[in-house]
Amino acid sequence: MSAPSSTAPGVSVPTSDIDLFSDEVLSVNDDAVFAQLRELGPVVYLPANDSYAVTRYEEVRAALGDPATFSSKSVAFNPQMNEILSGTSLASDPPEHGKLRAILTDNLSPRALRGMKDDINASAEKLVSEMVERGSFDGMADMAVAFPVSVVLDLIGVQGGLREKILPWGEAAFNLLGPLNERAQASFPVAGELFKWTHEEMQGEDLAEGSIGRAIFEASERGEISHESFGYIVHQILAAGMDTTITTIGNALVLLGQNPEQFQKLREDLSLVPSALAEVIRLRTPAPVFGRRATRDVEVGGTLIPAGAQVALCYGSANMDPRKFDNPEVFDITRNAVDHIGFGYGIHACAGQGLAKLEIHGLLSAWAKQVASYRIGAVVPRLNNFTRPYESIEVTDIVRA
Ligand code: HEM
């Protein structure tokens, strides 16, 4: 780690040689890296990423509340991807952002999703009961991936065929939000397939009657939204919604398995399910860093970020900031960390969090009802530029409730 340096007369900014997207950083699913950055200062310059990392809770949240200064046109850490994403709510600023987001939220609102709740809960119960019957399974392939893939395919109304594609597509979409390292370069062709499918190959008429995908297609047929928007919405559900949810389910299984006393608390009081999910997302933030560009010189926590600079908002670090959360490294499902920023905050706060919660609440409830205890064996990380998933999780010794 290097000594503090200076970017503007009289204003010093600490620097660090940490590369947020290196194998070394991505393979440690703990807070050590962010703790170092937080202690250096609320803003740390990272030459390896040519970015100003914002590390502490208050400062990250304040930046998210000021989209005029922190533009999302640089949400990714490479210009090509920012260009590709320019028609999405994720990578746009007001006033375009409001219009693009409204189309999405109409279709992902609690009202729009209400009809899916019973089916999602029934699928969760069924999947959990199959896993209990087996006695051991791979927590990633058999649960964390299998469950959201089937829910999202039903949501969009895709009938058969795509199951194997969805994981690599979602993974590639998140790799490409990072800088153009090898992981991102290798992901271009795979992400291109997803874009081709959503924008050229997917036929609205083929989507199941009554699905949200079909409803969005019909809105495009009536001219309420453009055909291009239809493609983008499905694209965002598949790209933004998969690896994040998959990562979170894996993290929930591991944290509850490694903290049996917390799992017992959950079993005794299922009303803790939402608080348990918030705690999992706080402690193991699934997508810990998002980009922004400073539109003007701005002082953050006493440090100048110059106009035009790439900014790295570290949600994963903010969620572990001891200035905000007492004993942040402790997994406590009763903490009710509703003000974590693992879903972001402000105008870009996750548009799919209603769906994510529906899925994961259903799964955690089913798991806590049907399982008395279980063990976590080997966990193998899967490296992604933007998400922190596992490749596999050994779940063993399941005792039926
Ligand atoms: C546990 C699961 C999830 C997590 C942790 C998560 C996290 C996030 C975060 C942190 C942001 C803010 C990005 C920013 O500040 O630039 C975001 C935005 C977004 N998410 Fe999620 N997400 C999850 C699931 C989903 C799902 C299931 C969907 C879709 C069905 C989805 C769709 C979106 C979209 C469209 C945006 C962009 C919103 C905007 O810019 O207005 N997400 N998500």
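1. Iron site. In this predicted model, the iron atom of the ligand has one protein donor only, Cys350. The donor atom is SG, at 2.3 Å. Water is not among the atoms, so the site may look incomplete.

2. Where the donor sits. Cys350 belongs to a loop. That loop runs between helix 15 (315-318) and helix 16 (353-370).

3. Polar contacts to ligand oxygen. Three side chains deserve a check. For Tyr315, an N or O atom of the side chain is 2.6 Å from an oxygen atom of the ligand. His348 places a polar side-chain atom 2.7 Å from a ligand oxygen. For Arg101, the distance between a side-chain N or O atom and an oxygen atom of the ligand is 2.8 Å.

4. The space. The ligand takes up the largest cavity. Helix 5 (96-108), helix 12 (227-258), strand 7 (289-294) and helix 16 each give two or more residues to the shell around the ligand. Helix 12 provides the largest share, with seven residues.

5. Shell membership. The ligand is surrounded by 27 residues. Among the closest are His97 and Tyr315. Arg101, His348 and Cys350 complete the list of closest residues. Cys350 is also the iron donor.

6. Shell chemistry. How do the residues of the shell divide into nonpolar, polar and charged? The shell has 14 nonpolar residues, eleven polar ones and two charged ones.

Definitions and conventions: Residues are numbered from 1 along each chain as its sequence is written. This is a predicted model: local features need pLDDT of at least 70, side-chain atom pairs count only at pLDDT 80 or more; totals for chains, interfaces and linings use all residues. Side-chain values use heavy atoms; hydrogens and water are left out. Donors are N, O and S atoms within 2.8 Å of the metal (3.2 Å for Na, K and Ca); water is not among the atoms, so sites may look incomplete. Helices (H or I, at least four residues) and strands (E, at least two) are DSSP runs, numbered from the N terminus. A residue is near a molecule or strand if one of its heavy atoms lies within 4 Å of it. A polar contact is a pair of N or O atoms within 3.5 Å; within protein, one must be able to donate a hydrogen and the other to accept it, and residues adjacent in sequence count only if both atoms are side-chain atoms. On a 1 Å grid over the protein atoms alone, a cavity is a set of points where a 1.4 Å probe fits but cannot get out, and a pocket is an open set with protein on both sides within 12 Å along at least five of seven lines; lining residues have an atom within 4 Å of a point. A molecule sits in a cavity or pocket if more than half of its atoms lie within 2 Å of its grid points. Ala, Val, Leu, Ile, Met, Phe, Trp, Tyr, Cys and Pro count as nonpolar, Asp, Glu, Lys and Arg as charged, and the others, Gly among them, as polar.
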